[in-house]
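The following exercises concern one helix and one ligand site. Please work through each task before reading its solution.

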Amino acid sequence: MHILVTGGAGFIGSHTVVALVEAGFKPVIIDNFSNSEPRALEGIEKILGHSVPFYQANCDDADLLREIFEKEQIGGVIHFAAYKAVGESMAEPLKYYRNNLGSLITLLEVMVEKGVPNLIFSSSCTVYGQPDQLPVTEDTPVKPAESVYGNTKQVGEEILRDTIGSGNPLKIIGLRYFNPIGAHPSAHIGELPLGVPNNLVPFVTQTAAGMRKSLTVFGGDYPTPDGTCIRDYIHVMDLAEAHVAALQKLIDTPQSNYYDVFNVGTGQGNSVLEVIQTFDKISGQEGLPYVIGARRAGDVVAVYADATKVNAGLGWTAKRNLEDALRDAWKWQKTLG
Ligand code: UFG
């Protein structure tokens, strides 16, 4: 089956393209390189030994989507394309609402029009905010979003629920990602942050590579065992494989109108200091330079997944651990020089 992957040159998208091909699907990528680079496509080609059909365009283009759906005989869509910088989303809310929700609505309209039944949507554990109970299940109440970015994921989920609730002939899974890190073990593809990384692991690997002087740990006085925040770090290849499992679930679902959400995490929480210690272990370098700084606005203290539903419902379990993910992230960083 041909699968359109929007944002397929991005971090999670590029790894999912590889996982799709390995599972026998035929991905077609649409990406406007707004936060990705052509080298991701070159890396995919190196891993697979062949190129993947690619359209450099904005996925909010209904006419182009119609054309691609027909020409490429698309049977499903994995919709990654979205802006994802929390801070920027607060400064430029309309840019985020337009891009993240406009493209979703366009996609849904054209899918209904063209009879493309299967959709996987990138959601985030950010919809839970700081949960009252850990680990978080899918029944954990969604909290008011802390950022415009987070709100685009919440509203995105509502749009999907309402689209299915009104009887449209679509089958949709929303995947609530925890913290994706790592890279393909070949080191041909990985994360390519623009400028100074916002996220922990790219900052760690850039610091280890000498590109940054020192990592600032955002807050050492949280109510956690070592005082630093806890997250569920998931290897990007495990996350990629979760998309394949979700797609298979949609294909195997007999009803023509279906929506569900799944947490995609390992079920294991690690603190920022544990990430640093584990990185020191796998890199074999002298201790990573870091200082404990002020808390970052908007950070939740701790969040990690209850993966029971995704394990049972999609037959998917994370196979790689934090060490594997950091080893692959470090290997990738070293290819970037
Ligand atoms: N951190 C540091 N120093 C850094 C960068 C991060 O200490 O230089 C800490 C953060 O405070 C946090 C942890 O590392 O405790 C992880 O931070 P990331 O920025 O890597 O990831 P987040 O947990 O903030 O990101 C998640 C999702 C995003 C979502 C965000 C919303 O991955 O998609 O939550 O809050 F936008």
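A polar contact is a pair of N or O atoms within 3.5 Å; within protein, one must be able to donate a hydrogen and the other to accept it, and residues adjacent in sequence count only if both atoms are side-chain atoms. The model is predicted, so local features need pLDDT of at least 70 and side-chain atom pairs pLDDT 80 or more, while totals for chains, interfaces and linings use all residues. Residues are numbered from 1 along each chain as its sequence is written, and side-chain values use heavy atoms, without hydrogens and water.

**Exercise 1.** Identify the polar contacts of the ligand, and state how much of its area the protein buries.

*Solution.* Begin with the backbone: a polar atom of Leu200 lies 2.8 Å from a ligand oxygen atom. Next, take the side chains: a polar atom of Asn179 is 3.0 Å from an oxygen atom of the ligand, and one of Asn199 is also 3.0 Å from a ligand oxygen. Finally, the ligand taken alone exposes 690 Å² (Shrake-Rupley method, 1.4 Å probe), of which the protein buries 88%.

**Exercise 2.** Compare the span of helix H5 with its expected value, and locate its bend.

*Solution.* Helices are DSSP runs (H or I, at least four residues), numbered from the N terminus. The expected span is 1.5 Å times one less than the number of residues. For the 22 residues of H5 (93–114) this gives 32 Å; the end C-alpha atoms are 31 Å apart, which agrees. H5 bends by about 25° at Gly102, the angle being taken between axes fitted to the seven residues ending there and the seven starting there. Just after H5, Gly115 takes a positive phi of about 70°.

Technical notes: Helix = DSSP H or I, 4+ residues; strand = E, 2+ residues; numbered from the N terminus.
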